[in-house]
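Please open the model in your viewer and bring up the ligand together with the protein around it. The tour below moves from single contacts outward to the surroundings as a whole.

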Amino acid sequence: MSETKQYDVLVVGGGPAGSTTAALLAKAGRDVLLLERERFPRYHIGESLITGVTPVMDALGLIDELDARFQWKYGVTLVWGSEPEPWRISFGQAGLYDHSWHVVRSEFDQLLLNKARELGVEVREEAQVTEVLTGENGEVRGVAYKHGGEKHRVAARFVVDASGQSRAVSRNLADVSWQNDLRNVAVWSYFSPYKPLPDGNQGDILVESVKGGGWLWGIPVTGEKLSLGHVLPVDQMTAKTADGRSQQQVFEDAVAASEVAQWMIAGGERVDAVRTIRDWSHVCEQFHGPGWLTVGDAAGFIDPLFSQGVWLGTSGAWMAARALDAALENPADTARALDRYQTVYRQLFDEFLSFVRFFYDPTRIRKMYMERAQQMARVPRDNLQGGFASMISGIQALPDVTGFDPLGTESLQVGRA
Ligand SMILES: Cc1cc2nc3c(=O)[nH]c(=O)nc-3n(C[C@H](O)[C@H](O)[C@H](O)COP(=O)(O)OP(=O)(O)OC[C@H]3O[C@@H](n4cnc5c(N)ncnc54)[C@H](O)[C@@H]3O)c2cc1C
């Protein structure tokens, strides 16, 4: 069935990046359709947010609701580097915001999708995009999708790929660079009850390097449930399971090797299945082309060491919405506006990737991590902690995100080191 109507923008995927792009375009008065494969609420990994998300959540009018519904996250407790004792960085050390949130993603994503609806986006759930429709010169004109047992076709001036790692639209349109040193696998589950980290560290995410390789996260998703996960290079996982051991056993060994995690879950039990997912960092070499643009994980994904995925996805979405709005306003500005989005988002992405890569080596002394962050965050040398907090919270990149001008030409804060 073909629809006669042509939308301004068609967004494929209703995760944080898709909902944010759609919501902000509708808020700007654009006619937006969002197609989502699943029916919400649906499970998703990615539960710990950094404070860099605050301005975009504010733009969506969601701060009070996030504050009321979700666990507050004050910082990061690290067991990392050549010194054995745990250390911590609080978000407050970066200035601006003292907390972000740990979220149940099914609820958080539903909140964002409902906000998109409220702002005027037409949302269709259980609508799976199966084909990209192109014109004579290869420009994207719309998509075909399955919904209610039927196949439909719909047209739009721009199609946004927000389909996460499935890259349903851009898979055959953009080249992808895989980061071979960050080809990981993640294994995780949930434990209840659990003991929160002691006073002073309460509300933190725990990030710990594991002696046998890889690292561990501990996220107090709710007051009752702790998310514990292990990230490990794929080749190490292959070696560890070559003798018939399961990925679950490798995960349990990693948890058993962590004194802090053991202390937190002592007296509790595993209350959910053990899940696993591919965790390969990658980035698309083109973030847009004729009639299409990509946001969030569909544009690129970085190993979740610093819980930056939702921040990157929603910040990029905010910039993409402004670029698309400018292109719709004046088609002659399309190339300039979308190129600007690509340039700014790519620099932001690359800068974070470069810091994750530096930090990934757990054998350095703490001061080296701090110094690298301080240089990248461009804060004075006597403020090592502030630099680190600014880098890992996304605050250092905020001027480029909040001040993003799709028709601007000025040089950027990020990448100016
Ligand atoms: C192990 C692990 C741990 C993580 N931990 C964190 C963390 O603590 N904090 C954090 O911020 N990030 C974390 N992330 C990253 C985070 O999950 C992602 O960055 C974030 O979900 C990206 O949002 P998105 O909207 O781009 O994609 P998604 O959230 O994946 O949403 C994409 C949507 O598109 C839909 N879709 C897919 N294909 C189609 C189709 N053909 N048609 C229609 N709809 C389609 C999907 O159903 C989905 O709802 C983690 C990731 C991993 C792998």
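Begin by selecting Arg 42 in this predicted model, where an N or O atom of the side chain lies 2.9 Å from an oxygen atom of the ligand. Next select Arg 105, whose side chain likewise places an N or O atom 2.9 Å from an oxygen atom of the ligand. Then show the backbone of Ile 45, since here it is a backbone N or O atom that lies 3.0 Å from a ligand oxygen.

With these contacts in view, turn on the protein surface: of the 1000 Å² of accessible area that the ligand has on its own, the protein covers 96%. The space that the ligand takes up is the largest pocket.

Now select the whole shell, which holds 37 residues around the ligand, the closest being Glu 36, His 44, Ser 48, Asp 297 and Val 310. If you colour this shell by residue class, you should find 16 nonpolar, 14 polar and 7 charged residues.

Switch to a cartoon view and pick out helix 1 (16-27), strand 8 (127-134) and helix 8 (309-329), each of which supplies at least two residues of the shell. Strand 8 gives the largest share, with 3 residues.

Finally, colour by domain, and ask why the ligand lies between domain 1 and domain 2. Both domain 1 (2-71 + 102-175 + 285-362 + 396-402) and domain 2 (177-279) give residues to the shell around the ligand, so the ligand lies between them.

Technical notes:
Residues are numbered from 1 along each chain as its sequence is written. This is a predicted model: local features need pLDDT of at least 70, side-chain atom pairs count only at pLDDT 80 or more; totals for chains, interfaces and linings use all residues. Side-chain values use heavy atoms; hydrogens and water are left out. A residue is near a molecule or strand if one of its heavy atoms lies within 4 Å of it. A polar contact is a pair of N or O atoms within 3.5 Å; within protein, one must be able to donate a hydrogen and the other to accept it, and residues adjacent in sequence count only if both atoms are side-chain atoms. Accessible areas come from the Shrake-Rupley method with a 1.4 Å probe; for residues, only the protein chains shown count as cover. On a 1 Å grid over the protein atoms alone, a cavity is a set of points where a 1.4 Å probe fits but cannot get out, and a pocket is an open set with protein on both sides within 12 Å along at least five of seven lines; lining residues have an atom within 4 Å of a point. A molecule sits in a cavity or pocket if more than half of its atoms lie within 2 Å of its grid points. Helices (H or I, at least four residues) and strands (E, at least two) are DSSP runs, numbered from the N terminus. Ala, Val, Leu, Ile, Met, Phe, Trp, Tyr, Cys and Pro count as nonpolar, Asp, Glu, Lys and Arg as charged, and the others, Gly among them, as polar. Domain bounds come from an automatic or database domain assignment.
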